[in-house]
Amino acid sequence: MPQHNHTEIGADEPASTVNATYVEPSAERILLPNEKIKSLYKLNTTTPYMLQRLSERVYFFGGGFYTNAFYVGDKGVLLLDSPENQGSNINAAIASVTELPVTAIVYSHNHADHIISAPTVLKASKAAGVSNVRIISSTNTKEKMELLKCSLPPPTETVEWPVGSFNFEGIKVHFEGFKRPAHCDDAGIWYLEDEKVVYLPDLMNGDQPPFWRFATAENYTYYRPNINQLGGLDWIHHVGGHGNVGSKQDIQFVNKYLDDLEAAVGEAKKKAQFGVGINLLDFNNHAALMAPWLDTVCSVVAEIMRPSYGKYYGFEIWINKENGNMELRK
């Protein structure tokens, strides 16, 4: 299997945040710790999907800049989420490694882009003779789907919030909800302990700095505690809904990034004077004072962090305004 470090790939491939070894995706070879899938952006834009084996029974699926995972049992397949526009690709990926149908689907949280392809997967299971596919969520997710009158097939069973579990063909799948979730109020960790694989979308993207608005978090205050709760579990591979396969080195990188971001915001606040250059008589509201101050702070933050982080995936898009802005509001 060809291997590359991030300095050998080329100028169009962002640097690795964790000095990973890059390998071609393989549905047969189990990914080693701190290995990452090579040319992830290119694969997302030029192939229908990619498949990487993470353990004896768990596979990482990636397509259209989404990722999820599935577990192949002896009688059926457990699917963790079914991302937007990826239903047919997920069915094809599963069929490429097993003849078994999907017999259970987990809804990780009630954001449609991660579960909206469930009907496509359910249709394939029905065609394979599975009359009743288990649909599993936390109690919080089920309640939220009911509150919002979600039109997707509802969960048929739930695990308790904040800590619960369910069994699938003799293995226990653990669930650990966050006391104060950053991403959304029903976000939590799905943990296949025996496989040393953890599934948590929209918190940390492997081999990337925190995504825009910290993975579209509803607040920044709880983001680091959620990262550290994830890091406190015993796992080798993390599947994050987007990005590359995650590792414990990614946890360390994110914490260092947050340390540097918070320090940079502190420095920028000393340099940016609130309300300078604004004549309130030109406006009809005092909110006009805020926008230029935020722009200045975030611009200074970007300048401070660029030497260390500018080479990483998405830095220029994510650092300007949104990530710095959210840290300011913690």
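This report describes the overall build of a predicted model and then turns to one of its helices.

The chain has 330 residues, and its secondary structure comes to 10 helices and 15 strands. A compact globule with 330 residues would have a radius of gyration near 20 Å, and the chain has 21 Å, which agrees with that expectation. Along its principal axes the C-alpha trace spans about 70 × 50 × 35 Å. Of the 330 residues, 53% count as buried, and among the contacts between residues at least 6 apart in sequence, 61% join residues that are at least 24 apart. The chain exposes about 14,800 Å², of which carbon and sulfur atoms supply 51%. As for charge, the chain carries 29 positive and 38 negative charges, and the mean positions of these two groups are 2 Å apart.

Helix α2, which covers residues 87-95, shows how burial can be arranged along a single element: its buried residues are G87, N89, I90, A93 and I94. Seen down the axis of α2, these buried residues fall within an arc of 160°, so they line one face of the helix. The face turned away from this buried side carries the exposed residues S88 and A95. What covers the buried residues of α2 includes five strands and one helix, which are listed in the table below.

| Element covering α2 | Residues |
|---|---|
| β4 | 50-53 |
| β5 | 58-63 |
| β6 | 66-72 |
| β7 | 77-80 |
| β8 | 102-106 |
| α4 | 118-127 |

Terms used:
Residues numbered from 1 in each chain as written. Predicted model: local features only at pLDDT ≥ 70, side-chain atom pairs only at ≥ 80, totals over all residues. Heavy atoms only, no water. Buried < 20%, exposed > 50% of the residue type's maximum accessible area, 1.4 Å probe, protein only. Helix = DSSP H or I, 4+ residues; strand = E, 2+ residues; numbered from the N terminus. Arc of directions from axis to C-beta. Contact = heavy atoms within 4.5 Å. Rg over C-alpha atoms; globule rule 2.2 N^0.38 Å. Areas by Shrake-Rupley, 256 points an atom, 1.4 Å probe, with all protein chains shown as cover. Lys, Arg positive; Asp, Glu negative; His and termini not counted. Charge placed at Lys NZ, Arg CZ, Asp CG, Glu CD.
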